[in-house]
Amino acid sequence: MKLEQLFSNFSRARPFETMKWELFSKCAIKEILKTHAPHLNTRAYMAAAEIFPFRVNPYVVEKLIDWSNTPNDPMFKLTFPQPEMVTPGQLSSVLEAMDRKERKEALQKAAAEHSNRGPRNALVAAAEKVRGNFNPHPAGQKTQNVPKVDGHPLEGIQHKYRETMLFFPAEGQFCHTWCTYCFRWPQFTSVGSAQQFKSKNPERLRDYIAAHPNLQDVLFTGGDPMVMTTEQIRRYIDPILHNAGTDHLNTIRFGTKSLAYWPYRFLDDKDAKPTLKYFEDIIKSGKHVSIQAHFTHPRELETAEVQEAMRLIHMTGANIRTQSPVIRGINDSADVWAKMWKMQVNLGATPYYMFIERDTGAKDYFSLPLARAHEIYTTAKSRLAGTARHARGPSMSAEPGKIAINGVIDIPDKGKYFILEFLQARNPAWIGKPFLAEFSPTATWINELTPAFGAERFFYEDEFDTIKANDAQSSGQMNWDGPPCGSK
Ligand code: SF4
């Protein structure tokens, strides 16, 4: 009996409409806004999309965005670059470059000239100048996470934590729609093009895993690896299945927002069934498959399409774990998180992480104070049953590791402090040791916090300096079975 038949009695599927894949890039903004939101200043959104990557598809436009609520609609803010993501001066510089380009084009047309490279280049330069302010590769990704073999950096791999590596398949470095707050935005713009993470080399992946017996997880990431065909996915993964050298690898993870942005990837796309079948094959080989699903807002979970896609994935034996940053103007309320986590559990997924918006891109526009993020997290959790309280966080993916705000404590005669803890760390020995920072109602990142009780540095900082000074290896490659942290 086929798996689908076996589970059909338990189906919660609702009928869904099928949809033809189409990609709308920034050239389509004018038409989309004219049709759905004529009340908006189209040129300002076009200018914002010159600076930040933009791409949507019909599912996002027709099923996720509530156009009657624009410009405040969370799904609109999530997918259409907002003019307020840059300063008025920065926006004006791009608008002026757009004006110049259009005037020149009009003149060229009149004079029947053929080249418009000059003004186009000026617009690109204006946009790049603005982008240059946005810290493209935060948390030492380029300098400290890239592993080295014989002194040579390995392209397309990050190995920050001993047990987990990230692999960036070249064909997966775009997404079904781009998020305005994306922390990987340089992957999609010319700011990042010279230093994009990507690899086309399955042997490199296999050999690297085989050479690092501490590795338990590989995360395929991007972009979004689910934009790849099954054949492309197989090319990277087949060599690490049924292979004695990579037996120690436990879990294959796919970091993806395809469930939220294009659930047809698992429904009736040409490649849907082969992909689901391949998940089964991986699991049969003895590895666990974890879909690290990026869901930002409960609306992404409400359609019949996404619910059916999640059901089909679960039928393969794969797990779905969910994660998202907490973002101002999009999901910055306990109501939103409680609803989202509750729906996820109802659909069989496990809430996994709540992240703090990273220090890249338009952070000033999206970020919340750590204190507020912690309040949202605890309030949302307090409204849920234990089965929906699994998400860890709110967590900063910072240079030394993933640091969670575990609480706020008021110590009599001393003051108020954040209780912090590493959920992941460059040195595994840092994990699970609570440490304190002076409470701040406005701080948005670890570098804005001060160690408690007048200490000059946090407990890990001296050792972190030593790790940074080691340019022969990434922290994930280092031998952490030596003396414990803090020992001389
Ligand atoms: S899906 Fe992920 S990688 Fe793609 S744009 Fe959104 S945040 Fe960035």
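Helices in this account are DSSP runs of H or I with at least four residues, and they are numbered from the N terminus. In the predicted model described here, this numbering places P71 in the loop between α4 (58-64) and α5 (74-79). The peptide bond that leads from T70 into P71 is cis, with omega near 10°. A cis peptide bond also joins G393 and P394, where omega is about -10°; P394, however, belongs to strand β10.

Strand β10 is part of an open sheet of 11 strands, which has mixed pairing and follows the order β3-β4-β5-β6-β7-β8-β9-β10-β11-β12-β13. The edges of this sheet are formed by β3 (157-161) and β13 (435-438), each of which pairs on one side only. Neighbouring strands of the sheet are turned against each other by 30° on average, when direction is ignored.

Parallel pairing is found around β5. Strand β4 (residues 164-167) runs parallel to strand β5 (residues 217-220), and four bridges join the two; within this pair, L166 of β4 has L219 in β5 as its bridge partner. On the next step along the sheet order, β5 and β6 also run parallel and are joined by four bridges, with D217 bridged to T251 in β6. Strand β6 is largely enclosed by the rest of the structure, because five of its six residues are buried.

Antiparallel pairing is found further along the sheet order, from β10 to β12. Strand β10 (residues 392-397) and strand β11 (residues 401-411) run antiparallel and are joined by three bridges, and in this pair the bridge partner of S395 is A404 in β11. The connection from β10 to β11 is a hairpin through three residues. Strand β11 then pairs with strand β12 (residues 415-425) in the antiparallel sense, over 10 bridges, and I409 stands opposite Y417 in β12. The hairpin of β11 and β12 likewise has three residues between its strands, and one of the residues in this hairpin, D413, takes a positive phi near 65°.

Positive phi values also occur in loops. D150, which is not a glycine, has a positive phi of about 50° and lies in the loop between β1 (148-149) and β2 (152-153). This residue counts as exposed, because its C-beta neighbours inside 10 Å number 5, where the cut-off for an exposed residue is 12 or fewer. H242, again not a glycine, has a positive phi of about 50°, and its place is the loop between α10 (230-237) and β6 (251-256). H242 also counts as exposed, because it has 12 C-beta neighbours inside 10 Å.

A contrasting environment is seen for F168, which lies in the loop between β4 and α8 (190-193). F168 is buried, because 22 other C-beta atoms lie within 10 Å, and the cut-off for a buried residue is 20 or more. Its C-alpha atom is separated by 8.0 Å from that of P225, although F168 and P225 are 57 residues apart along the chain.

The largest nonpolar core of the model has 117 residues, and those with the most contacts inside this core are A48, V94, F167, V218, A309, I313 and A373. Helix α3 (residues 42-51) supplies the largest share of the core, namely six residues. The core is drawn from both assigned domains, with at least three residues from each of domain 1 (24-131) and domain 2 (148-477). Among the residues with the most contacts, F167 falls within β4, which spans residues 164-167, and V218 falls within β5, which spans residues 217-220.

The model also contains a ligand, which has 10 residues around it. Of these, C175, W178, C179, C182 and K257 come nearest. By residue class, the shell around the ligand divides into four nonpolar, three polar and three charged residues.

Key
Residues are numbered from 1 along each chain as its sequence is written. This is a predicted model: local features need pLDDT of at least 70, side-chain atom pairs count only at pLDDT 80 or more; totals for chains, interfaces and linings use all residues. A residue is near a molecule or strand if its C-beta atom, placed from the backbone, lies within 6 Å of it. Ala, Val, Leu, Ile, Met, Phe, Trp, Tyr, Cys and Pro count as nonpolar, Asp, Glu, Lys and Arg as charged, and the others, Gly among them, as polar. Two strands pair if DSSP finds at least two bridges between them. Axes are lines fitted to C-alpha atoms, for helices over the stretch in contact, and angles run from 0 to 180 degrees between N-to-C directions. A nonpolar core is a set of buried Ala, Val, Leu, Ile, Met, Phe, Trp, Tyr and Cys residues joined through C-beta atoms within 7 Å. Domain bounds come from an automatic or database domain assignment.
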